[in-house]
Amino acid sequence: MLNKTAMNAVHRKLGGQMTDFGGWEMPLWYPTGGVKEHLYVVEKSGVFDIGHMAVVRLKGEGAKALLQLCLTRNIEKLAVGNCAYSVILNDEGHVIDDTIVYNMGGDEYVLISNAGMGSVVAEHLTSRNTFKDVTVRDDAGNFGKVDLQGPSSVSIMRKLLSKGKGSIDGLKYFRFLGDYAKKDSAAQLPGDIPVLLSRTGYTGEVGFEIWSPFDRVLEIWNMILETGGDDVIPCGLAARDSLRTGAILPLSHQDIGHWPFVNTPWSFALPLDKDGKLTKSFIGSKLYDNPPSQYTLPFCGFDPRKVETDSAAVLLNGENIGAVPTCVIDMAIGRADGKVYSVASPDKPKDFRARGLSCGFVRVDKNLAPGTKIALKDARRTVEVEIVSDIRPARTARIAI
Amino acid sequence: MKEFAELNFDKEVSYTKTHEWAKKTGNIVRIGVDDYAQSALGDIVYVELPSVGGAVNAGAAFGSLESTKAVSDLNSPVSGVVVKVNDALSDSPELINSSPYGDGWIIDVEVKGDSDFGALLKSDAYAEYVKTLEPIEAN
């Protein structure tokens with residue numbers, strides 16, 4: 001029996017194509033289709049039900065020390081109202097899950113992790129806790145979550161917030177307001193709905209992740225659609241997957257997982273100083289004394305053709321050098337005169353039309369420079385792609401608001 | 001994906017169990033994919049087409065459909081020689097979603113005789129077959 005979010009009946013009513021995602025029944029896309037949903041988030045905005053994510057709450061004097069032991073990220077200087085991306089490793093330096101850690105103030109931290117991982121993360125933290133006065137709690141069942149992502153999200157949130165409206169002016173990337181679990185939250189939506197409003201997301205576009213009490217999430221979904229009008233549509237997990245890939249964001253248990261967390265595009269999760277040395281030791285940090293020769297690198301294709309990730313090999317001059325954990329199509333991009341443009345690129349050629357490009361990540365045993373051509377081969381065909389340093393240009397996630 | 005009752009099974013064409021359709025006019029067979037396939041696959045964004053003049057074999061792959069989430073082989077309902085491909089699909093692959101039996105046709109094949117049609121299903125039999133299927137896993 002699959003888990004269902006507070007929004008399940010809405011997805012079915014909207015005609016969502018439902019799928020099993022990490023033990024949750026979630027919409028892949030609505031009748032609008034994955035292409036339009038992806039483009040809407042790049043050009044206007046989309047609203048996603050993300051209620052399948054997990055939340056673990058920590059409180060107490062030792063909470064920070066426990067997190068410093070269990071997270072790769074050095075949160076020593078993480079200020080109240082700030083959040084940061086991190087991974088959680090086992091003793092071998094393999095990924096248990098990734099997370100965003102929120103400093104709520106008053107020795108309280110919130111960890112957001114992936115579908116089905118709340119109890120795993122909570123048990124891991126508890127088993128490693130030797131610090132005084134820390135409670136670790138899987139908050140499953142107590143929250144709902146929708147993400148509003150895309151350039152129109154800022155004006156929609158400004159119109160909607162009943163408390164905290166002024167505070168989103170100047171709210172920077174990876175800052176947040178309020179707490180869904182507190183009645184007097186600094187961020188509230190009409191009807192006195194307390195929310196945790198975070199300027200983060202999983203699309204590469206400017207937007208918000210919005211946590212609320214479980215039983216209020218439908219109201220939020222409806223008010224976003226009503227206030228957003230033509231500037232927002234419901235989007236499913238397929239668009240979320242293609243948007244995050246174009247933004248070079250990893251999917252836990254697919255791009256990172258039970259193998260060493262080394263040489264990835266996500267090394268910002270490691271506590272490295274300017275010389276590349278670790279600034280703290282943590283569970284798994286001994287991996288970095290002698291890291292294996294393994295590289296996770298982004299690639300971009302020359303047309304939309306994908307390969308089957310389960311079976312595809314990466315060929316460099318005919319030699320098999322690795323696997324393809326993610327291969328999707330970013331429908332907002334295309335090539336013109338050899339260069340990749342997005343529908344949002346200010347310098348795109350006149351008459352540019354994005355036909356979509358395959359893109360994703362390869363995990364290989366050689367470091368390859370951007371521009372290196374490789375072939376992805378599955379049972380059906382061989383597709384040539386190139387290693388790149390970035391995929392979808394002109395993303396808005398970091399813009400000033 | 002559409003509910004079964006919403007699916008359109010064109011009465012004028014014959015079907016394969018891999019969800020292609022074929023319609024014979026003279027010695028030319030037009031080939032496409034049906035409403036069930038386009039609905040289950042979601043947005044079609046790229047079509048790999050064969051070359052004009054190439055041979056296709058009944059039951060064998062002649063190209064592929066790329067949707068946002070998956071790649072599917074196109075299997076030929078008949079054996080013959082490709083005499084025409086739908087060039088509009090390179091610019092507008094979404095025609096397969098919007099008009100699977102019309103503007104979203106894929107290739108024309110010249111055949112000798114109609115022996116291959118014996119293995120194909122008429123729309124009523126095909127609809128009965130589709131009813132027994134689990135939805136195509138698009139992920």
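# Two chains, term by term

Mentor: Chain B has four helices and nine strands. The model is predicted: local features need pLDDT of at least 70, side-chain atom pairs count only at pLDDT 80 or more, and totals for chains, interfaces and linings use all residues. Residues are numbered from 1 along each chain as its sequence is written, while chains are lettered from A and ligands numbered from 1 in the order in which they are written.

Trainee: What makes a stretch a helix or a strand?

Mentor: A DSSP run does. Helices are H or I runs of at least four residues, strands are E runs of at least two, and both are numbered from the N terminus. Along the sequence, chain B then reads β-β-β-α-β-β-β-β-β-α-α-β-α.

Trainee: What radius of gyration would a compact globule with 139 residues have, and what does chain B have?

Mentor: The rule is 2.2 Å times the number of residues to the power 0.38, with the radius taken over C-alpha atoms. That puts a compact globule of 139 residues near 14 Å; chain B has 14 Å, so the two agree. Along the principal axes, the C-alpha atoms of chain B fill a box of roughly 35 × 35 × 20 Å.

Trainee: What share of chain B is called buried?

Mentor: 45% of its 139 residues. Buried means 20 or more other C-beta atoms within 10 Å of the residue's own; exposed means 12 or fewer; partly exposed lies in between; C-beta atoms are placed from the backbone.

Trainee: Why is E6(A) called largely enclosed?

Mentor: Use the burial count again. Ten of the eleven residues of E6(A) are buried, so the rest of the structure largely encloses this strand.

Trainee: Which strands does E6(A) pair with?

Mentor: Two strands pair if DSSP finds at least two bridges between them. E6(A) has seven bridges to E5(A) and five to E7(A), so both pairs qualify under that rule. Both pairings are antiparallel. A:Ile88 stands opposite A:Asp97 in E6(A).

Trainee: What about the turns beside E6(A)?

Mentor: Two hairpins. E5(A) and E6(A) have five residues between them, and A:Gly93 in that turn has a positive phi of about 85°. E6(A) and E7(A) have two residues between them; there A:Gly106 has a positive phi of about 60°. A:Gly105 has A:Glu108 in E7(A) as its bridge partner.

Trainee: Which strands are the edges of this sheet, and why are they called edges?

Mentor: The order is E5-E6-E7-E4-E8 of chain A, an open antiparallel sheet of five strands. E5 (83–89) and E8 (135–138) each pair on one side only, so they are the edge strands. The average twist from one strand to the next is 25°. Inside the sheet, E4 (54–59) and E7 (108–113) of chain A share six bridges, and A:Val55 faces A:Ile112 in E7(A).

Trainee: How is the angle between a helix and a strand defined?

Mentor: Axes are lines fitted to C-alpha atoms, for helices over the stretch in contact, and angles run from 0 to 180 degrees between N-to-C directions. H3 (63–70) of chain A runs at about 130° to E4(A), lying across E4, E5, E6 and E7 of chain A.

Trainee: Which strands close into a barrel?

Mentor: Six of chain A, in the order E16-E21-E18-E17-E22-E23, with antiparallel pairing. Neighbours are turned by 45° against each other on average, direction ignored. E18 (319–330) and E21 (357–364) of chain A share seven bridges. A:Val328 has A:Cys359 in E21(A) as its bridge partner. H7(A) lies across E18 and E21 of chain A, at about 120° to E18(A).

Trainee: How many residues join the two domains of chain A?

Mentor: An automatic or database assignment sets domain bounds. In chain A it gives domain 1 (1–256) and domain 2 (293–387), with centres, taken over C-alpha atoms, separated by 28 Å. Contact needs C-beta atoms, placed from the backbone, within 7 Å. 13 residues of domain 1 meet that test with 16 of domain 2. On the domain 1 side, H2(A) supplies the largest share, five residues.

Trainee: What makes up the side of chain A that touches chain B?

Mentor: 17 residues of chain A contact twelve of chain B. E1 (17–21), E2 (24–29), H2 (34–43) and H7 (237–246) of chain A each give two or more residues. By class, there are seven nonpolar, six polar and four charged residues. Nonpolar covers Ala, Val, Leu, Ile, Met, Phe, Trp, Tyr, Cys and Pro; charged covers Asp, Glu, Lys and Arg; the others, Gly among them, are polar.
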